[in-house]
Amino acid sequence: MVKKEMMALILAGGQGSRLGALTKNVAKPAVAFGGKYKIIDFVLSNCSNSGIDTVGVLTQYKPLDLNAHIGIGTPWDLDIHHGGVSILPPYMDEKVGTWYKGTANAVYQNLGYLDRYDPEYVLILSGDHIYKMDYSKMLKYHKEKEADATIAVIDVTNEEAKRFGIMNTNADGRIIEFEEKPKKPKSTLASMGVYIFNYKTLKRFLIDDEADEKSAHDFGKNIIPAMLTSFQKLYTYRFEGYWRDIGTIESIWDTNMDLIRPDNDLDLFSDSWKIYTKSSDLPPQYVGPTAKICNSLISEGCQIYGTVENSIIFPGVTILENSLVKDSIIMSDTVIESDVAIRKAILCNHVLVHGKNEIGDGESIEVVEEDSEIASDSYAKAVG
């Protein structure tokens, strides 16, 4: 095998139970986002744009859709012979035969995969965050600091800090203390779940952690504190761009809506850092003579005859005359018949809404489950 300077592992096995109906049939990284993407497209595109050509995707919960979407990695230029993308589910051998027990255990179970490429550095990533980031800049910083591990952080508010792993540092950025979801945070530097480790050091700590029966086998709870206790050199890498953790219905709605705000910081239309995805090979969208569209993203294969305001419309959606879709997310192959009003709702894939219907009150977020059929004169209740 060709030796790699740095390779990436993406933790993509999360169930995402707080997303309710959106993760009923798929893992959280496979949830549709932004009109044509899946959440994992962002971290895969970051790897491709950063020049990382060897990526392992660690799957576990309902991986079928995620596996089919990634395939051999062609959209991200990861379909190469000496590297590329590899799907890494839990497996049975003479030593290991369990589900991934935690983030650290998931990486431990794939030490054999890492050893094939004998990397100097390993980049550990979460598969359910929305952001653009050049990992090569973070690696350069890691080398300059001669660090054993570097953790990307973002500055959050004091209230938000209570929900994250918080890094307390000295003036040079070296981490002196890690707090997991502290009630009274000492700083506002929140971990983004992006780590660069010197591989030999990481491997040693993973092996020791696996031998500890009391460990939760988690990077935040176990590996990072153990490295600090052992006086390893850990540094923070401050990130100042757009970053969102997709963990709740509210967060996925908010993050989608960010894309159509005038001061949008993510900028899907930038040529300098494109987000790649699997092509759907659908015909162009059709905007009919009765259609009215304002401040919305309309994907390919859609047929629009009604009114769409401040909404994200995924591929293959049909919206007929005299229907209103406002402040909503309509996922693929959904059909909305005439005389329907939808306000602040998320409709999952393959929903059929018959005419003379009202979904959502414009205040709380209504979620309609995949493959639902909403009969005429009925009101769709949230299922997520």
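## A walk through the chain, starting at a helix pair

Let's begin with two helices in contact, meaning heavy atoms within 4.5 Å: T201, L202, F205, L206 and D209 of α7 touch F219, N222, I223, A226 and M227 of α8. Sorted by type, the residues of this contact are seven nonpolar, two polar and one charged, where Ala, Val, Leu, Ile, Met, Phe, Trp, Tyr, Cys and Pro count as nonpolar, Asp, Glu, Lys and Arg as charged, and the others, Gly among them, as polar.

Before going on, note that this is a predicted model, in which local features need pLDDT of at least 70 and side-chain atom pairs pLDDT 80 or more, while totals for chains, interfaces and linings use all residues. Residues are numbered from 1 along each chain as its sequence is written, and side-chain values use heavy atoms, with hydrogens and water left out.

Back to the helices. α7 covers residues 199-210 and α8 residues 219-229, and they pack at about 120° with axes 10 Å apart. Axes here are lines fitted to C-alpha atoms, for helices over the stretch in contact, and angles run from 0 to 180 degrees between N-to-C directions. The pair is therefore oblique, since under 35 degrees counts as roughly parallel, over 145 as roughly antiparallel, 65 to 115 as roughly perpendicular and the rest as oblique.

Zooming out, the chain has nine helices and 29 strands; these are DSSP runs numbered from the N terminus, helices being H or I of at least four residues and strands E of at least two. Along its principal axes, the C-alpha trace spans about 65 × 50 × 40 Å.

Now for the strands, which pair if DSSP finds at least two bridges between them. A hairpin is a good place to start: β9 (residues 165-169) and β10 (residues 175-180) run antiparallel, joined by five bridges. M167 sits opposite F178 of β10. Five residues lie between the two strands, and G173 in the turn has a positive phi of about 90°.

Next come two open sheets with parallel pairing. One has five strands in the order β16-β19-β22-β25-β28, with β16 (297-298) and β28 (366-368) as the edges, each pairing on one side only. At one end, β25 (residues 345-347) is joined to β28 by three bridges, and L347 has V368 of β28 as its bridge partner.

The other open sheet has six strands, ordered β14-β17-β20-β23-β26-β29 and paired in parallel. Its edge strands are β14 (286-287) and β29 (373-374), each paired on one side only. Here β26 (residues 352-353) pairs with β29 over two bridges, and V353 has I374 of β29 as its bridge partner.
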